[in-house]
Amino acid sequence: MGRVIVQSLEGHSVRRFDGELNNLHLQVLGIAGLATDQARLALRALHDRDSGAAREVMRRERDVDTLEVEVDEQIVAMLARRAPLALDLRIIISFSKMVTHLERIGDEAMRIAELCLRLHGAGEGAGGDALLADAYEMGRGAERMLSLALEVIDTLDAGRAEELLADRGRLQLEFEASLRRLARLTPGDGRAVARAIDAVLIMKALERIGDHARNLAEYVVYVVRGTDVRHRQDLRAPRGPE
Amino acid sequence: MSSVDMIEKAVQSERTSFRQAAKDMDSLTRRPEQRETVGEVRVEDPRVRCNDVNVYYGEKHAVMGVNLDIGRNEVIAMIGPSGCGKSTFLRCLNRMNDTIVGCRVTGQIFMDDQDINASGIDVVPLRAMVGMVFQKPNPFPKSIWENVAFGPRIHGLAHNKAELEEMVVTSLQRAGLWEEVKDRLEQPGTGLSGGQQQRLCIARTIAVGPEVILMDEPCSALDPIATAVIEDLIDELRGHYSIVIVTHSMQQAARVSQRTAYFHLGNLIEVGETTQIFTNPVHKLTEDYITGRFG
């Protein structure tokens, strides 16, 4: 990914501040990269029935948490030392919020990994496979959103961030469709229902990952344009059929 | 490529370099231009209205066509790099520039529909109505009581000793100094701490019943505690007066003011709500300055 910084963080008379901001940006990118990788690995665990991948996601979850704490410490120090204003203030506040969302993406990836391990334990052919295939397709959508979010965090490109925000509600609609499919399953087939419920929980986690990706894009818009686009009605996901 | 072509190309390249150098030189020597102000310069029911205010020091055009309203009961902060014209503009508001040889002010500054630059305006009552607090506290070498009583006495504001007494006490109370000096009013004002001296100067300004108070970096000579006390006082004084403060401290401007005006090379570049200016300024020059990217 080329580092085309649309919004420059540099140019301060105090050069060390440039360095601190760039370092912070790299740290946030580091967490974003790790969180994205966690989500991809969890998806591989789902698609390839790869329990090793699932266990790797669970093992690396602590790394995301550690990085989050490090970034928070850095942000508190910068707020105290530099008293940032305007663009610098928006950047630092937004990075602070972004790491929370990135950490939650890591949590969702771990939830998916845990569910995968449970599903793998039940063995193949236990039913609910159609829903699992749906979950994987939905996961690819979430992954695309996350990749775009990673790109806009890297480039601080508000235009690309708005593209991500425009891609609204698809994951939510897919999740709602999966709930309707779950309702149509035969109640008598207990194992299939249990697997289908796990598949729905995975889809819910993927839908949340998509939401976090959108939240990340919202903060990039705020950094660059100074406009808070959170909770905007015109950017809300459309409601699916009842 | 033939030798002739190469020579022609080299000459062409030299010409281009020369044209660029001449252009660069022109931009370096060109005088600053007047710029449009970004943001709402007007307020409803202003206490002071400035129309196209220009200040010249001889040939130097120090303030360029500033239009700005000062609201009632508001603190407006003037920020900008040294030499940007903010203090010069501040001094226009009580005609302090009149005292500078070679300084010329044009434009209109209205208070109560009266242009303070109009001929026949007496600057003595004007400067009582538009008081000023300076960077360094400058109490008279007199007692605390005399420092505050001096203004009302020369302006003939008190009809008897009791009235004068009341003015002194009220002014010291409003300046937040009464409790600290009430038992030593006869002691010299110069014996007070820096922060107390600055509050004494504010009390002295208040004593003559101003409507506008101009403050030119009032805390730059004070420690953080004394600064905090003055900033708290500024917020209280806002209930009675309009306050215009020039400050180099962005944090101070953000803390004490409701509106902020950014000056650059004699131009009022941007004016707006303080929160907006410090979180999301519109003009790049404003953003560069307040984020420390000013070259």
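How many residue pairs are in polar contact between chain B and chain A? The count is eleven, with both residues of each pair at pLDDT 80 or more. This is a predicted model. The points below cover the interface of the two chains first, and then two open sheets of chain B: one of six strands with mixed pairing, and one of four strands with antiparallel pairing.

**Interface of chain B and chain A**

- On the chain B side, twelve residues are in contact, and they meet 16 residues of chain A.
- The size of an interface is often given as the accessible area lost when the parts come together. For chain B and chain A, the area buried between them is about 1100 Å², and 44% of it lies on carbon and sulfur atoms.
- Two salt bridges are found across the interface of chain B and chain A. In one salt bridge, the side chain of A:Arg90 meets that of B:Glu287, at 3.9 Å from N to O.
- Three helices of chain B each supply at least two residues of the side that touches chain A: α9 (250-256), α10 (274-279) and α11 (284-290).
- By type, the residues on the side of chain B that touches chain A are five nonpolar, five polar and two charged.

**The six-stranded sheet of chain B**

- The strand order in this open sheet is β6-β7-β8-β3-β9-β10 (chain B).
- At the edges are β6 (130-133) and β10 (267-273) of chain B, and each of them pairs on one side only.
- From one strand to the next, the twist averages 20°.
- Strand β9 (residues 259-264) of chain B pairs with β10(B) over six bridges, in the antiparallel sense. B:His264 has B:Asn267 in β10(B) as its bridge partner.

**Helices lying across the six-stranded sheet**

- Helix α7 (residues 194-206) of chain B lies across β6 and β7 (212-216) of chain B. The angle between helix α7 and β6(B) is about 170°.
- Helix α8 (residues 224-237) of chain B lies across β3 (75-79), β7 and β8 (242-246) of chain B. Helix α8 runs at about 150° to β8(B).

**The four-stranded sheet of chain B**

- The order of this open sheet is β2-β1-β4-β5 (chain B).
- β2 (60-70) and β5 of chain B are the edge strands; each has a single partner strand, so one side of each is left without a neighbour in the sheet.
- Strands β1(B) and β2(B) run antiparallel and are joined by seven bridges. The bridge partner of B:Val48 is B:Ile70 in β2(B).
- Strand β1 (residues 48-57) of chain B is also joined to strand β4 (residues 103-111) of chain B, by seven bridges and in antiparallel fashion. Here B:Asn51 stands opposite B:Gln108 in β4(B).
- Two bridges join β4(B) to strand β5 (residues 114-115) of chain B, and this pair runs antiparallel. B:Phe110 stands opposite B:Asp115 in β5(B).
- β4(B) and β5(B) form a hairpin, with two residues between the strands. In the turn, B:Asp112 has a positive phi of about 50°.
- In a regular strand the side chains alternate between the two faces of the sheet.

Definitions and conventions
Residues are numbered from 1 along each chain as its sequence is written. Chains are lettered from A and ligands numbered from 1 in the order in which they are written. This is a predicted model: local features need pLDDT of at least 70, side-chain atom pairs count only at pLDDT 80 or more; totals for chains, interfaces and linings use all residues. Side-chain values use heavy atoms; hydrogens and water are left out. Contact means heavy atoms within 4.5 Å. Buried area is the accessible area (1.4 Å probe) that two parts lose on being put together, summed over both. A salt bridge is a side-chain nitrogen of Lys or Arg within 4 Å of a carboxyl oxygen of Asp or Glu. A polar contact is a pair of N or O atoms within 3.5 Å; within protein, one must be able to donate a hydrogen and the other to accept it, and residues adjacent in sequence count only if both atoms are side-chain atoms. Ala, Val, Leu, Ile, Met, Phe, Trp, Tyr, Cys and Pro count as nonpolar, Asp, Glu, Lys and Arg as charged, and the others, Gly among them, as polar. Two strands pair if DSSP finds at least two bridges between them. Axes are lines fitted to C-alpha atoms, for helices over the stretch in contact, and angles run from 0 to 180 degrees between N-to-C directions.
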